Amino acid sequence: MSSIDFPDGFLWGGATAANQLEGAYREGGKGLSIADVLPEGRDRIDLVNKPDFDFSIDPKKFYPNHIGIDHYHHFKEDIALFAEMGFKCYRFSIAWSRIYPNGDETEPNEEGLKFYDALIDECLKYQIEPVITISHYELPLTLAKKYGGWKNKQLIDFYERFARTVLTRYYKKVKYWMTFNEINSAAHFPVMGQGLVTANGADDKKNVYQAWHNQFVGSAKAVKIGHELDPHLKIGCMILYATTYSYDCDPKNQLAALQDNQANNFFCADVQVRGHYPVYTKSLLARNGVQLSDLDYTQEELDLLAKYPVDYIGFSYYMSSVVDVTHEKHETVNGNLMGGVKNPFLKSSDWGWQIDPTGLRIALNQLSDRYEKPLFIVENGLGAVDRPDANHYVADDYRIDYLREHIKAIAGAIDDGADVMGYTPWGCIDLVSASTGEMSKRYGFIYVDEDNNGQGSFKRYKKKSFDWYKQVIASNGQDLG
Ligand code: BG6
């Protein structure tokens, strides 16, 4: 037992995204999304970054997001398992291409909505609070191919229509929303969030910043729609946060780390939370070869950003990173859509992500100081190779250790004064990895019998961490085992 105090009503749960678990990519009238053209394999990011990548499906390759873990047909069973763990909330996303198959239709696909009616009702049956990400790396493919992705201002209208449809349909049942998953990840890999690849302008940073501006406007419109429906709705942003350290106390590295923080951790949240572009915008743009005059924005849009900031900051936290501009050579590591300098004080996951629970306490303090708004850790977890025994049981003590240390770090930050709403570990059930398309990169409390080629029984099995997390929730974070 520990002496950790989590607030009453703390939202313990888990997180997923439609494109990584639903499968059924052509059922119920669903159209294709960006995720449907990403093949399996650790080189999927490199492939997509190649100049000749044109969003087409190669019949010789396997596309794991097409089948996910077949949650579309197993969702009742999956939610029953979440309920058994005692989830207070469940974060999932709505596949835009189930509701607007091409993204530019004027009427929604009723069959797609019916699926989410059933999913939400299933959560509510167990008093699980749904937490919905409106757009999570699943832009309808037509919006990338025909319209050129988020750099095109027409996408603001398409997103507004989609957001209005789902907010109007579900606002009486769903209180917590987020507008865009990891909106800032486009700094590293703009295809997922913005639908930008080399062929439609990803290499020109002007397009990335224009796309962000358009997304900020879309996000503000979603906040406006939601609050007009019900002022009590809580609509957040969602950023990828990697606590960023200077390699050493050399002022050059310190300055570089500060600028890295502005560019990668803070820029998007600064706009979405404070409602205006930060003072360093001009210099950040200039460092990326972009002038303010290159961007298409109106006073009316800036007013909208000011009037409709988000209610809370949702963020993912898996790892920290290090900035070093003073050494020509340094040991490098992989990371969440980005690589970096190795931190000699930290161990790494099987995929090279540097494990740093203290970094989460620092992140919570930094975000809390900067914004003074509620914080919601909507992704955290360990992607690891699980080795089930003959009974399909996985003794995942390594995952329990990772989560325990991060939960202690959250408790520390709450003690430091941070207002933390909840914690939803990523991939609470095994699902397809976003960066590599692998099933073998598992995060779940629930093992899904499926391999990297989509073969298996698709049966669900509880891991050791399942019972551990159940007791964490039941004790409101007091009993960390
Ligand atoms: C976040 C994303 O970047 O990290 C998720 O929001 C993703 O979609 C998660 O799955 C873990 O990354 P990966 O590449 O291990 O699946």
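**Exercise 1. The ligand shell**

Task: In this predicted model, work out how many nonpolar, polar and charged residues the shell around the ligand has, and which residues come nearest.

Solution: Start with the classes: the shell divides into six nonpolar, six polar and three charged residues. Next, look for the nearest ones. Of the 15 residues around the ligand, these are Glu182, Ala434, Ser435, Lys441 and Tyr443.

**Exercise 2. Polar contacts of the ligand**

Task: Find what lies 2.7 Å from an oxygen atom of the ligand in glutamate 379 and in alanine 434, then see how much of the ligand the protein buries.

Solution: Take glutamate 379 to begin with: a polar atom of its side chain sits 2.7 Å from a ligand oxygen. For alanine 434, the atom at 2.7 Å from a ligand oxygen is a backbone N or O. Asparagine 181 joins in through a side-chain N or O atom, 3.0 Å from an oxygen of the ligand. Now for the area: the ligand taken alone exposes 380 Å², and the protein buries 99% of this.

**Exercise 3. Strand 2 and its surroundings**

Task: Decide why strand 2 (residues 89-93) is largely enclosed, and which strands pair with it.

Solution: Buried means under 20% relative accessible area. Five of the five residues in strand 2 are buried, so the rest of the structure largely encloses this strand. Side chains in a regular strand alternate between the two sheet faces. Here Cys89, Arg91 and Ser93 lie on one side, with Tyr90 and Phe92 on the other, and all are buried.

Then turn to the pairing. Strand 1 (residues 11-15) is parallel to strand 2, with three bridges; glycine 14 has tyrosine 90 as its bridge partner. Strand 3 (residues 129-135) also runs parallel to strand 2, joined by five bridges, and cysteine 89 stands opposite glutamate 129.

Conventions:
Residues numbered from 1 in each chain as written. Predicted model: local features only at pLDDT ≥ 70, side-chain atom pairs only at ≥ 80, totals over all residues. Heavy atoms only, no water. Near = heavy atom within 4 Å. Polar contact = N/O pair within 3.5 Å; in protein donor to acceptor, adjacent residues only side chain to side chain. Areas by Shrake-Rupley, 256 points an atom, 1.4 Å probe, with all protein chains shown as cover. Nonpolar A, V, L, I, M, F, W, Y, C, P; charged D, E, K, R; others polar. Buried < 20%, exposed > 50% of the residue type's maximum accessible area, 1.4 Å probe, protein only. Helix = DSSP H or I, 4+ residues; strand = E, 2+ residues; numbered from the N terminus. Pairing = 2+ DSSP bridges.
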